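Visitor: Please take me through one part of this structure at close range. I would like the strands and the helices around them, step by step.

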Amino acid sequence: MTMKGYKDLPEGGVITEKGNSVLYKTGEWRSMRPNYYPEGCVHCLMCWVFCPDSAIKVENGKMLGIDYDHCKGCGICARECPRKEKALQMVKE
Amino acid sequence: MALETKQVAMTGNEAVANAIKQINPDVIAAYPITPQTDIVQFYSTFVANGLVDTQMVTVESEHSAMSATIGASAAGARAMTATSSQGLALMHELLHIASGFRLPIAMPVVNRAVSAPINIHCDHSDTMAALTTGWIQIYGENAQEAYDNMIQAVKIAEDPRVKLPVMVCYDGFITSHAVENLVLVPDEKVKEFVGEYKPQHRLFDFDNPITFGPLVLPDYFSEIKAQEAEGMLAAREVILEVAKEYEKISGRKYGWFEGYKLDDAERVIVVLSSAAGTAKVVVDELRAQGEKVGLLKPRVLRPFPAEELVKALSGAKVVAVMDRAETFSTQGGQIFTELRAAFYEAPKKPLMRNYIFGLGGRDTTTAHIRTVFEQLKQDQERGSVDRKVTHLDVRV
């Protein structure tokens, strides 16, 4: 991504585009990643409830996986997964 | 078009309050501090009497006053507050935010010493400590200049090329509380001159939602600050343009500084604000005796008009810079060090010495100014200054 120079940026650090935080890929900060093993998942969605960054992708009540663009790898989802054989497991990036 | 000539008698604060009345800002945040208080006090009567449309917000501190002003300005209002001394010090972190957000806030600062020891009288230690906050600083000698600068400040600040806040500085009590004759510009001419405030971005534009004050990390922070520096650079043109335009409605000329009998002067005093008035009297007296003396009264310190000052002083043999605030650098006052630095590339440099004077409201009389000119004369004859930094009129 080419970054804008000072002549092209809005002045005063103002953000003029609404809802543009989705464009900020905070997933780059991650050092550990949650791996998803769908075979062990019962779709209880506890990971979705506890994820502090809305990085659990869910559709029609089903867990679909992780939004790695925004997951910062905090590991809360893996810790909260109630399965003995965890459907979410943390691994090094 | 005939210019207004009818004189009125007002204190400096009353004159500035009247300028703000004519500007009729949308929001004023008010908190009292001597010697600024009666600006907002006068203004509250204008509000109570229905003479202005301003929403006046009384707040619990200067920190809140500047915060409220920033909030209102970011919302899209023409917003103001006024302060002095500790009040300016208390709003210090917000000063950076106002300029960093590029909010065109025009604020009178009635110069007063900063505690300790506690003191309510004039010196410039309050605004000198705010020189690096990204605010434009304009100084006035008397009530007339304070009034004129206040009106010009709004137009300078709001110019789309500048978009920076402006401090309109004048001396506590000496100017703020003394009654002087001055000429006001008629209401409708001021209204037309300042025009309507049309911000580029405002929070109260619900069709185009924006964010003020997001976190900006190392990848963009330098760019935002470079923009601010560009704004200050643009102010170098805009301040002169606005002065020219203001001359048309007032008949009064403004620029970077006022030179008084400066053209052929060999010995020159450089001094801000009200003390310049006292110095003019001494310049007249000494000129009558055939002495080649003159005065330079800076008007704008931010942006610092280095080239213009160097040019104006290029013919001088000895210059005394009088600073009404200590820097404790042991190398002299703020104006002294900046002016000396400005001469670094100059092919011809006058001898220069510094006086720290008038602290905490100590009267600077014509006798003190005569002493300074006398010392300059000795320096000129000797070909060197005998002392770089002198605290004027201090008992030992």
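Guide: What follows is a walk through chain B, sheet by sheet, with a short stop at the contact with chain A. Keep in mind that this is a predicted model.

Start with the sheet of three strands. Its order in chain B is β3-β2-β4, the sheet is open, and the pairing is parallel. β3 and β4 of chain B stand at the edges. Each has a single partner strand, so one side of each is left without a neighbour in the sheet. β2(B) and β4(B) run parallel and are joined by two bridges. For a register point, take B:Val27: its bridge partner in β4(B) is B:Ala79.

Two helices meet this sheet. Helix α2 of chain B, residues 37-48, packs on the sheet and touches β2 and β3 of chain B. Its direction makes about 135° with that of β2(B). Helix α3(B) lies across β2, β3 and β4 of chain B. It runs at about 170° to β2(B).

Stay with α3(B). This helix covers residues 62-75 of chain B and has 14 residues. At 1.5 Å a residue it should span 20 Å, and its end C-alpha atoms are 20 Å apart, which agrees. Which of its residues are buried? They are B:Glu62, B:Ala65, B:Met66, B:Ala68, B:Thr69, B:Ile70, B:Ala72, B:Ser73 and B:Ala74. What do these buried residues pack against? Their partners in chain B are the strands β2 (27-30), β3 (55-58) and β4 (79-80), together with the helices α4 (85-90) and α5 (92-100). After the helix comes B:Gly76, with a positive phi near 120°.

Now the sheet of four strands. In chain B the order is β5-β7-β6-β12. This sheet is open too, and its pairing is mixed. The edge places belong to β5 (106-111) and β12 (300-302) of chain B. Each has a single partner strand, so one side of each is left without a neighbour in the sheet. From one strand to the next, the twist averages 25°.

Look at the β5(B) edge. β5(B) pairs with strand β7 of chain B, residues 166-171, in the parallel sense over six bridges. B:Met107 stands opposite B:Met167 in β7(B). Is this edge strand buried or exposed? Six of the six residues of β5(B) are buried, so the strand is largely enclosed by the rest of the structure. Both of its faces are covered. One side carries B:Ala106, B:Pro108 and B:Val110, and the other carries B:Met107, B:Val109 and B:Asn111.

Cross to the other edge. Strand β6 of chain B, residues 136-139, pairs with β12(B) in the antiparallel sense over two bridges. Here B:Ile138 has B:Val300 as its bridge partner in β12(B).

Next, helix α7 of chain B, residues 143-158. It has 16 residues and reaches 23 Å from its first C-alpha to its last, close to the 22 Å expected at 1.5 Å a residue. The helix bends by about 25° at B:Gln152. Of its 16 residues, 16 are buried, so α7(B) is largely enclosed by the rest of the structure.

Two single residues deserve a stop. B:Lys297 sits in strand β11 of chain B, residues 293-298. It is buried, with 24 other C-beta atoms within 10 Å. Leaving aside neighbours within four places in sequence, B:Lys297 is in contact with B:Glu141, B:Phe257, B:Glu258, B:Val271, B:Leu272 and B:Ala276. B:Tyr43 is 254 residues from B:Lys297 in sequence and 30 Å away in space, C-alpha to C-alpha.

B:Leu309 belongs to helix α11 of chain B, residues 306-312. Why does B:Leu309 count as buried? It has 20 other C-beta atoms within 10 Å, and the cut-off is 20 or more. Beyond neighbours within four places in sequence, its contacts are B:Phe257, B:Leu339 and B:Ala342. B:Leu309 lies 11 residues from B:Pro298 in sequence and 8.3 Å from it in space, C-alpha to C-alpha.

Last, the contact between the chains. Chain A gives 11 residues and chain B gives 16 residues. On the chain A side, five are nonpolar, four polar and two charged.

Technical notes. Residues numbered from 1 in each chain as written. Chains lettered and ligands numbered in written order. Predicted model: local features only at pLDDT ≥ 70, side-chain atom pairs only at ≥ 80, totals over all residues. Contact = placed C-beta atoms within 7 Å. Nonpolar A, V, L, I, M, F, W, Y, C, P; charged D, E, K, R; others polar. Expected span 1.5 Å × (residues − 1). Bend = angle between axes of the 7 residues up to and from the residue. Buried ≥ 20, exposed ≤ 12 C-beta atoms within 10 Å, placed from the backbone. Pairing = 2+ DSSP bridges. Axes fitted to C-alpha atoms, helices over the stretch in contact; angles between N-to-C directions.
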